[in-house]
Amino acid sequence: MPQQQSADSGNAHNVWQITADSDGTYQIYSMLDGGNTYCLTAGVYGDSTDISMCIWEDVSTDTQRFTFSPCVDGTFRILTESSNSANAVEVINAGTSDGADIQQWEVNGHACQTWELISIDYVNLDALTETNYTSNSDTWISGDANDDGFVNSIDLTLFRTLLLENLATEHQQYAGNVNGDEAFTAADLVLLQQYLLGMDQHFSRQSVPETCVYAAIDGTYTEGVSETVNDGYLADAYLNLDNAAGITASWNLAVMNRSPKVRQCGII
C-alpha cells in the first residue's frame with residue numbers, strides 16, 4: 001500500500017513515471033523494479049469512496065488510469081478513472097506524518113488531495129564530480145524559473161506570478177519562452193503545463209550555447225606533469241603529457257537530461 005514519506009533525493013520508492021494513454025488518461029508507474037512493472041491502482045471496486053490504493057502489475061484497466069486536474073496554485077488533483085473522476089487520490093485523514101496511507105475519496109477541495117509534480121533526473125550522480133570550468137555567457141534551462149536545475153510545478157507557479165505582475169527579468173523571460181516565438185506569454189504557460197503532465201515531451205526553444213573552458217590540469221590524467229614554465233596557459237598551470245604513448249587524460253562534463261542545457265566546450 002502506498003504511503004506518504006519524507007521527500008529525499010529520489011529513491012525508487014518515492015519516484016513515479018507518468019505515461020499518457022491514447023484516451024487522455026495517464027498511468028502512474030512506480031520506479032520500483034525498473035519503473036515499467038507496477039502501476040498505482042485504485043482497487044477492484046473503483047467507484048467506492050473508501051478504498052485504499054496499491055501498486056499492482058500493469059493490467060491496463062480503469063483502476064490504473066488517472067486524470068490530472070490543475071489547481072490555481074500550480075498543484076494537481078489526481079482523479080481516478082474507475083470512479084469517473086468523482087474521487088481523488090488523497091492522504092488518509094489529511095495526515096502529515098511519514099507512514100500515512102494513500103486512498104481515493106470523493107473530491108472535497110482539501111489540501112490532502114493536491115499534489116505537486118516535480119521532475120527529477122533519476123540518475124545517481126553523487127559519486128561523480130564535474131571538472132571545474134569557466135564560462136563566459138549567461139545560460140538558462142528552458143522552463144526553469146528559479147534556476148534550481150529542474151522543471152516542475154514550482155516553476156509554473158513562479159512564471160504565472162512573473163507574467164501577471166510583469167516582474168520577469170530578461171533571464172527569466174528567456175527561460176519562460178518555451179514555445180520559441182521570441183516572447184514570454186500565456187501561451188508558454190500552457191505549453192509548460194502540458195509538459196509537466198507528459199502531454200508534450202519537449203520545448204521548441206533551446207538554451208543558447210554556453211561556452212565552457214575546461215582546464216586540462218583540472219582533469220584526471222596519468223603520467224602527465226603540471227607545469228608553469230612556459231607562457232600561454234589560462235588556468236593556474238598547464239598539463240605537459242610529453243607526447244608519451246599510453247598517457248591518458250579525461251574530464252567529467254555534466255549534461256542535463258530532460259531540460260536541455262547546451263554547452264560548447266573547449267580544453268586548454
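Author: Helices (H or I, at least four residues) and strands (E, at least two) are DSSP runs, numbered from the N terminus. This is a predicted model: local features need pLDDT of at least 70, side-chain atom pairs count only at pLDDT 80 or more, and totals for chains, interfaces and linings use all residues. Residues are numbered from 1 along each chain as its sequence is written, and side-chain values use heavy atoms, with hydrogens and water left out.

Reader: How many helices and strands does the secondary structure of the protein come to?

Author: The protein has 268 residues. Its secondary structure comes to three helices and 16 strands.

Reader: What is the mean pLDDT of the protein?

Author: pLDDT is the predictor's confidence in each residue, from 0 to 100. In this protein, 78% of the residues reach 70 or more. The mean pLDDT is 78.

Reader: Which element has the lowest mean pLDDT, and which the highest?

Author: Start at the low end: the lowest mean pLDDT among the elements is 48, for strand 16 (residues 263–267). The highest is 94, over residues 76–80, which form strand 7. So the order asked for, lowest then highest, is strand 16, strand 7.

Reader: How many contacts does the model have for residues 256–268, beyond four places in sequence?

Author: Contact means heavy atoms within 4.5 Å. The pLDDT stays under 50 over residues 256–268. Beyond four places in sequence, the number of contacts the model has for them is 50.

Reader: What share of the contacts between residues at least 6 apart in sequence joins residues at least 24 apart?

Author: Take the contacts in the protein between residues at least 6 apart in sequence. The share that joins residues at least 24 apart is 56%.

Reader: What percentage of the residues in the protein is buried?

Author: Buried means under 20% relative accessible area, exposed over 50%, partly exposed in between (1.4 Å probe, protein chains only). Of the 268 residues in the protein, the buried ones make up 36%.

Reader: Which strands each supply at least two residues of the largest nonpolar core?

Author: A nonpolar core is a set of buried Ala, Val, Leu, Ile, Met, Phe, Trp, Tyr and Cys residues joined through side-chain atoms within 4.5 Å. The largest one has 16 residues, and Ile 28, Met 53, Phe 66, Phe 68, Ile 78, Val 89 and Leu 197 touch the most other members. At least two residues of this core come from each of strand 2, strand 6, strand 7 and strand 8 (87–91).

Reader: How many residues are in the second, separate core?

Author: Trp 140, Val 151, Phe 159 and Tyr 195 are among the members of the second, separate core. Its residue count is 14.

Reader: Which residues join into one network through salt bridges that share partners?

Author: A salt bridge is a side-chain nitrogen of Lys or Arg within 4 Å of a carboxyl oxygen of Asp or Glu, and by this rule there are two. Asp 21 pairs with Arg 65, the closest N and O atoms being 3.1 Å apart. Asp 62 also forms a salt bridge with Arg 65, with the closest N and O atoms 3.6 Å apart. Through shared partners, the network joins Asp 21, Asp 62 and Arg 65.

Reader: Is Arg 65 buried or exposed?

Author: Asp 62 has a relative accessible area of 40%, so it is partly exposed. Arg 65 has a relative accessibility of 16%, so it counts as buried.

Reader: Which residues does Gly 99 touch, not counting residues up to four places away in sequence?

Author: Gly 99 lies in the loop between strand 8 and strand 9 and is partly exposed, with a relative accessible area of 30%. Gly 99 and Ser 6 are 93 residues apart in sequence, and 9.1 Å apart in space, C-alpha to C-alpha. Not counting residues up to four places away in sequence, Gly 99 touches Gln 3, Gln 4 and Gln 5.

Reader: What value is phi of Asp 147 near?

Author: Asp 147 sits in the loop between strand 10 and helix 1 (153–164). Its relative accessible area is 46%, so it is partly exposed. Its phi is positive, in a residue other than glycine, and is near 60°.

Reader: Where does Asn 166 lie?

Author: Phi of Asn 166 is near 55°, a positive value in a residue other than glycine. Asn 166 is exposed, because its relative accessible area is 69%. It lies in the loop between helix 1 and helix 2 (170–176).
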